[in-house]
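Here is a quick tour of a protein model, written for someone who likes to see the cut-offs next to the claims. Have the viewer open while you read.

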Amino acid sequence: IDGASAAGGGTSVSDGLELGRAEVNRGARADVPRTILLLTDGVQTVDGNDDTAIAKAAAVKQDGVSIVAVGFGGANEQTMRAIASAPSSDFAFFGASMDEVRQHFASDRLCELAASPKAPPPPPSTPAPPGLPPSPPSPSPAPPSPPACVVKLELVLVLDKSGSVRAEQSSLLAFAREMVSQFRLDATEGARVGVVEFSSDAATLTPLTGSLSDVLTAIDGASAAGGGAAGAGAPPA
(Lines give C-alpha, C1' and ligand atoms only; values in the text may rest on other atoms or scores of the structure.)
Protein backbone atom coordinates (compact mmCIF):
# COMPACT_ATOMS: atom_id res chain seq x y z
CA ILE A 1 0.00 0.00 0.00
CA ASP A 2 2.84 2.37 0.74
CA GLY A 3 3.84 1.89 -2.89
CA ALA A 4 0.99 4.29 -3.62
CA SER A 5 2.04 7.11 -5.88
CA ALA A 6 1.70 10.69 -4.76
CA ALA A 7 -1.75 12.21 -4.49
CA GLY A 8 -2.86 14.35 -7.42
CA GLY A 9 -5.27 14.69 -10.36
CA GLY A 10 -9.06 14.57 -10.63
CA THR A 11 -11.38 12.02 -9.08
CA SER A 12 -12.89 9.08 -10.98
CA VAL A 13 -14.59 6.92 -8.38
CA SER A 14 -16.09 4.83 -11.18
CA ASP A 15 -12.62 3.91 -12.48
CA GLY A 16 -11.58 2.87 -8.98
CA LEU A 17 -14.67 0.71 -8.56
CA GLU A 18 -14.23 -0.91 -11.98
CA LEU A 19 -10.61 -1.84 -11.33
CA GLY A 20 -11.54 -2.95 -7.82
CA ARG A 21 -14.13 -5.29 -9.29
CA ALA A 22 -11.60 -6.69 -11.75
CA GLU A 23 -9.07 -7.35 -8.98
CA VAL A 24 -11.52 -8.87 -6.50
CA ASN A 25 -12.80 -11.24 -9.20
CA ARG A 26 -9.38 -12.18 -10.58
CA GLY A 27 -8.63 -15.66 -9.27
CA ALA A 28 -11.33 -15.39 -6.60
CA ARG A 29 -11.90 -18.57 -4.62
CA ALA A 30 -15.22 -20.32 -5.16
CA ASP A 31 -17.92 -19.52 -2.60
CA VAL A 32 -15.72 -16.95 -0.80
CA PRO A 33 -17.34 -13.52 -0.19
CA ARG A 34 -15.92 -10.63 -2.23
CA THR A 35 -15.81 -7.13 -0.76
CA ILE A 36 -14.56 -3.72 -1.88
CA LEU A 37 -13.72 -1.06 0.69
CA LEU A 38 -13.96 2.33 -1.05
CA LEU A 39 -12.32 5.30 0.66
CA THR A 40 -12.71 8.78 -0.85
CA ASP A 41 -12.79 12.40 0.22
CA GLY A 42 -14.49 13.86 -2.83
CA VAL A 43 -17.05 13.70 -5.58
CA GLN A 44 -16.48 12.36 -9.09
CA THR A 45 -14.96 15.15 -11.20
CA VAL A 46 -13.83 13.30 -14.36
CA ASP A 47 -15.46 10.58 -16.49
CA GLY A 48 -18.89 11.80 -15.38
CA ASN A 49 -20.26 12.78 -11.99
CA ASP A 50 -21.54 11.13 -8.81
CA ASP A 51 -24.38 9.52 -10.78
CA THR A 52 -21.71 7.75 -12.86
CA ALA A 53 -20.08 6.43 -9.69
CA ILE A 54 -23.45 5.26 -8.33
CA ALA A 55 -24.25 3.46 -11.60
CA LYS A 56 -20.85 1.75 -11.57
CA ALA A 57 -21.40 0.69 -7.96
CA ALA A 58 -24.77 -0.80 -8.91
CA ALA A 59 -23.06 -2.91 -11.59
CA VAL A 60 -20.41 -4.06 -9.11
CA LYS A 61 -23.04 -5.06 -6.55
CA GLN A 62 -25.05 -6.83 -9.27
CA ASP A 63 -21.92 -8.94 -9.82
CA GLY A 64 -22.19 -10.19 -6.23
CA VAL A 65 -19.52 -7.93 -4.72
CA SER A 66 -20.27 -6.12 -1.46
CA ILE A 67 -19.19 -2.48 -1.15
CA VAL A 68 -18.25 -0.75 2.09
CA ALA A 69 -18.29 2.96 1.16
CA VAL A 70 -16.34 5.33 3.41
CA GLY A 71 -16.29 9.06 2.79
CA PHE A 72 -14.54 11.90 4.60
CA GLY A 73 -13.88 15.60 4.10
CA GLY A 74 -15.58 16.77 0.91
CA ALA A 75 -17.28 13.50 0.02
CA ASN A 76 -21.06 13.51 -0.41
CA GLU A 77 -22.68 11.44 2.33
CA GLN A 78 -25.74 10.61 0.23
CA THR A 79 -23.52 9.40 -2.61
CA MET A 80 -21.64 7.14 -0.18
CA ARG A 81 -24.94 5.65 0.97
CA ALA A 82 -26.05 5.08 -2.63
CA ILE A 83 -22.73 3.40 -3.51
CA ALA A 84 -22.72 1.14 -0.44
CA SER A 85 -24.33 -2.26 -0.14
CA ALA A 86 -27.57 -2.53 1.83
CA PRO A 87 -28.22 -1.67 4.55
CA SER A 88 -26.32 1.57 4.08
CA SER A 89 -26.56 2.16 7.83
CA ASP A 90 -24.01 -0.65 8.15
CA PHE A 91 -22.08 -0.49 4.87
CA ALA A 92 -21.63 3.30 4.55
CA PHE A 93 -19.78 5.67 6.85
CA PHE A 94 -19.01 9.37 6.60
CA GLY A 95 -16.46 11.10 8.81
CA ALA A 96 -15.36 14.72 8.93
CA SER A 97 -11.71 13.62 8.82
CA MET A 98 -9.51 10.54 8.49
CA ASP A 99 -9.05 10.59 12.26
CA GLU A 100 -12.79 10.09 12.67
CA VAL A 101 -12.77 7.29 10.07
CA ARG A 102 -9.88 5.54 11.79
CA GLN A 103 -11.58 5.79 15.17
CA HIS A 104 -14.79 4.29 13.76
CA PHE A 105 -12.97 1.28 12.30
CA ALA A 106 -10.42 0.95 15.11
CA SER A 107 -11.84 -2.29 16.50
CA ASP A 108 -13.09 -5.10 14.29
CA ARG A 109 -15.82 -3.14 12.52
CA LEU A 110 -14.72 -4.19 9.04
CA CYS A 111 -14.40 -7.80 10.19
CA GLU A 112 -17.98 -7.68 11.49
CA LEU A 113 -19.21 -6.54 8.08
CA ALA A 114 -17.14 -9.15 6.26
CA ALA A 115 -18.04 -12.12 8.49
CA SER A 116 -21.23 -13.80 7.34
CA PRO A 117 -22.83 -15.52 9.06
CA LYS A 118 -21.60 -14.15 12.34
CA ALA A 119 -20.50 -16.58 15.02
CA PRO A 120 -23.24 -17.38 17.59
CA PRO A 121 -22.89 -15.87 21.06
CA PRO A 122 -21.24 -18.07 23.71
CA PRO A 123 -23.63 -20.08 25.93
CA PRO A 124 -24.39 -18.68 29.40
CA SER A 125 -22.13 -19.86 32.19
CA THR A 126 -23.43 -22.73 34.32
CA PRO A 127 -24.39 -21.59 37.86
CA ALA A 128 -22.67 -23.28 40.82
CA PRO A 129 -24.65 -26.15 42.45
CA PRO A 130 -26.75 -24.99 45.42
CA GLY A 131 -25.20 -25.25 48.83
CA LEU A 132 -21.60 -24.80 47.70
CA PRO A 133 -19.77 -21.63 48.68
CA PRO A 134 -18.89 -19.41 45.75
CA SER A 135 -15.42 -19.72 44.38
CA PRO A 136 -13.09 -16.88 45.24
CA PRO A 137 -12.75 -14.42 42.39
CA SER A 138 -9.81 -15.02 40.09
CA PRO A 139 -7.33 -12.21 39.59
CA SER A 140 -8.10 -10.21 36.52
CA PRO A 141 -5.76 -11.22 33.69
CA ALA A 142 -4.19 -8.64 31.48
CA PRO A 143 -6.50 -7.91 28.54
CA PRO A 144 -5.38 -9.90 25.48
CA SER A 145 -4.57 -8.16 22.25
CA PRO A 146 -7.49 -8.25 19.81
CA PRO A 147 -7.42 -11.45 17.76
CA ALA A 148 -7.02 -11.21 14.03
CA CYS A 149 -10.23 -11.54 12.09
CA VAL A 150 -10.27 -15.13 10.86
CA VAL A 151 -12.65 -15.27 7.92
CA LYS A 152 -12.42 -16.40 4.32
CA LEU A 153 -12.70 -13.22 2.27
CA GLU A 154 -11.51 -11.60 -0.93
CA LEU A 155 -11.04 -7.91 0.00
CA VAL A 156 -9.84 -5.07 -2.23
CA LEU A 157 -9.17 -1.62 -0.79
CA VAL A 158 -9.98 1.13 -3.33
CA LEU A 159 -8.18 4.27 -2.16
CA ASP A 160 -8.65 7.83 -3.39
CA LYS A 161 -5.32 9.53 -4.23
CA SER A 162 -6.62 12.64 -5.97
CA GLY A 163 -5.12 16.05 -5.24
CA SER A 164 -7.53 16.86 -2.41
CA VAL A 165 -6.24 13.84 -0.42
CA ARG A 166 -2.68 15.24 -0.25
CA ALA A 167 -2.95 16.57 3.32
CA GLU A 168 -4.52 13.32 4.56
CA GLN A 169 -2.58 10.80 2.47
CA SER A 170 -0.31 9.57 5.25
CA SER A 171 -3.32 9.05 7.53
CA LEU A 172 -5.19 7.33 4.70
CA LEU A 173 -2.32 4.88 4.18
CA ALA A 174 -2.09 4.29 7.93
CA PHE A 175 -5.79 3.43 7.86
CA ALA A 176 -5.13 0.95 5.06
CA ARG A 177 -2.42 -0.72 7.17
CA GLU A 178 -4.80 -0.90 10.13
CA MET A 179 -7.54 -2.51 8.06
CA VAL A 180 -5.22 -5.11 6.56
CA SER A 181 -3.76 -5.94 9.97
CA GLN A 182 -7.21 -6.75 11.38
CA PHE A 183 -7.38 -9.88 9.21
CA ARG A 184 -5.51 -13.14 9.28
CA LEU A 185 -4.20 -13.30 5.74
CA ASP A 186 -3.97 -16.79 4.29
CA ALA A 187 -4.42 -17.95 0.71
CA THR A 188 -6.56 -20.96 1.68
CA GLU A 189 -8.30 -20.51 5.05
CA GLY A 190 -8.09 -16.76 5.65
CA ALA A 191 -8.50 -13.45 3.85
CA ARG A 192 -6.70 -12.28 0.73
CA VAL A 193 -6.26 -8.57 0.22
CA GLY A 194 -5.58 -6.42 -2.83
CA VAL A 195 -5.16 -2.65 -3.14
CA VAL A 196 -6.22 -0.24 -5.89
CA GLU A 197 -5.67 3.53 -6.00
CA PHE A 198 -7.46 6.07 -8.16
CA SER A 199 -7.43 9.70 -9.14
CA SER A 200 -8.41 10.53 -12.73
CA ASP A 201 -7.40 6.93 -13.55
CA ALA A 202 -7.02 3.78 -11.46
CA ALA A 203 -4.03 1.50 -10.85
CA THR A 204 -3.35 -1.71 -8.95
CA LEU A 205 -0.84 -1.49 -6.10
CA THR A 206 -1.06 -5.19 -5.28
CA PRO A 207 -3.39 -7.93 -6.53
CA LEU A 208 -5.14 -10.26 -4.10
CA THR A 209 -2.58 -11.95 -1.88
CA GLY A 210 -2.60 -14.06 1.26
CA SER A 211 0.75 -12.65 2.35
CA LEU A 212 0.57 -9.89 4.97
CA SER A 213 4.25 -9.14 4.44
CA ASP A 214 3.67 -8.55 0.72
CA VAL A 215 0.91 -6.04 1.44
CA LEU A 216 2.90 -4.28 4.16
CA THR A 217 5.98 -4.17 1.92
CA ALA A 218 3.88 -2.33 -0.65
CA ILE A 219 2.82 0.05 2.12
CA ASP A 220 6.41 0.71 3.17
CA GLY A 221 7.37 1.87 -0.33
CA ALA A 222 5.04 4.87 -0.30
CA SER A 223 6.26 7.88 -2.26
CA ALA A 224 5.81 11.49 -1.23
CA ALA A 225 2.50 13.18 -2.00
CA GLY A 226 2.13 15.01 -5.33
CA GLY A 227 1.85 13.50 -8.79
CA GLY A 228 -0.33 11.42 -11.10
CA ALA A 229 -1.58 7.86 -11.11
CA ALA A 230 0.86 4.97 -11.20
CA GLY A 231 0.59 1.98 -13.46
CA ALA A 232 -2.06 1.01 -15.96
CA GLY A 233 -5.56 2.42 -15.88
CA ALA A 234 -8.76 0.57 -15.23
CA PRO A 235 -9.90 -1.96 -17.80
CA PRO A 236 -12.77 -0.94 -20.07
CA ALA A 237 -16.18 -1.27 -18.46
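Which two cysteines form a disulfide, and how far apart are their sulfur atoms? The pair is C111 and C149, with the sulfur atoms 1.9 Å apart; a disulfide here is a pair of cysteine sulfur atoms within 2.5 Å. The structure holds one such link. C111 sits in helix α6 (residues 109-114) and C149 in the loop between α6 and β4 (153-160), so the bond ties together parts that are 38 residues apart in sequence. The link is right-handed, with 75° about the S-S bond. C111 and C149 are both buried, where buried means under 20% relative accessible area, exposed means over 50%, and partly exposed is in between (1.4 Å probe, protein chains only).

Some ground rules. This is a predicted model, so local features need pLDDT of at least 70 and side-chain atom pairs count only at pLDDT 80 or more, while totals for chains, interfaces and linings use all residues. Residues are numbered from 1 along each chain as its sequence is written, and side-chain values use heavy atoms, with hydrogens and water left out.

Now the overall layout. The protein has eight helices and six strands, taken as DSSP runs numbered from the N terminus (helices H or I, at least four residues; strands E, at least two). Along the sequence they read α-β-α-β-α-α-β-α-α-β-α-β-β-α. Of the 237 residues, 45% are buried. Taking contacts (heavy atoms within 4.5 Å) between residues at least 6 apart in sequence, 78% join residues at least 24 apart.

Helix α1 (residues 13-25) is a good place to zoom in. Its 13 residues reach 18 Å from first C-alpha to last, close to the expected 18 Å, the expected span being 1.5 Å times one less than the number of residues. Twelve of the 13 residues are buried, so α1 is largely enclosed by the rest of the structure. Among the buried ones are D15, E18, R21 and E23. After α1 comes G27, with a positive phi near 70°.

What about the core? The largest nonpolar core has 56 residues, and L17, L37, L39, I83, V101, F105 and F183 have the most contacts inside it. Such a core is a set of buried Ala, Val, Leu, Ile, Met, Phe, Trp, Tyr and Cys residues joined through side-chain atoms within 4.5 Å. Leaving aside residues up to four places away in sequence, F105 touches V68, V70, F93, L110, F175, M179 and Q182.

There is some empty space too: three cavities of 30 Å³ or more. A cavity is a set of points on a 1 Å grid over the protein atoms alone where a 1.4 Å probe fits but cannot get out, and lining residues have an atom within 4 Å of a point. The largest holds about 40 Å³, and its lining includes V13, Q44, N76 and I83. Helix α3 gives the most to that lining, with three residues.

Finally, some backbone oddities. Most residues other than glycine have a negative phi, and most peptide bonds are trans. A86 and P87 are joined by a cis peptide bond, with omega about -5°, and P87 is in the loop between α3 and α4 (88-91). Two aspartates with positive phi round things off:

| Residue | Phi | Loop | Relative accessible area |
|---|---|---|---|
| D31 | near 65° | between α1 and β1 (34-40) | 84%, exposed |
| D47 | about 60° | between β1 and α2 | 47%, partly exposed |

Terms used:
On a 1 Å grid over the protein atoms alone, a cavity is a set of points where a 1.4 Å probe fits but cannot get out, and a pocket is an open set with protein on both sides within 12 Å along at least five of seven lines; lining residues have an atom within 4 Å of a point. Grid points are joined across faces, edges and corners, and a volume is the space filled by probe spheres set on the points.
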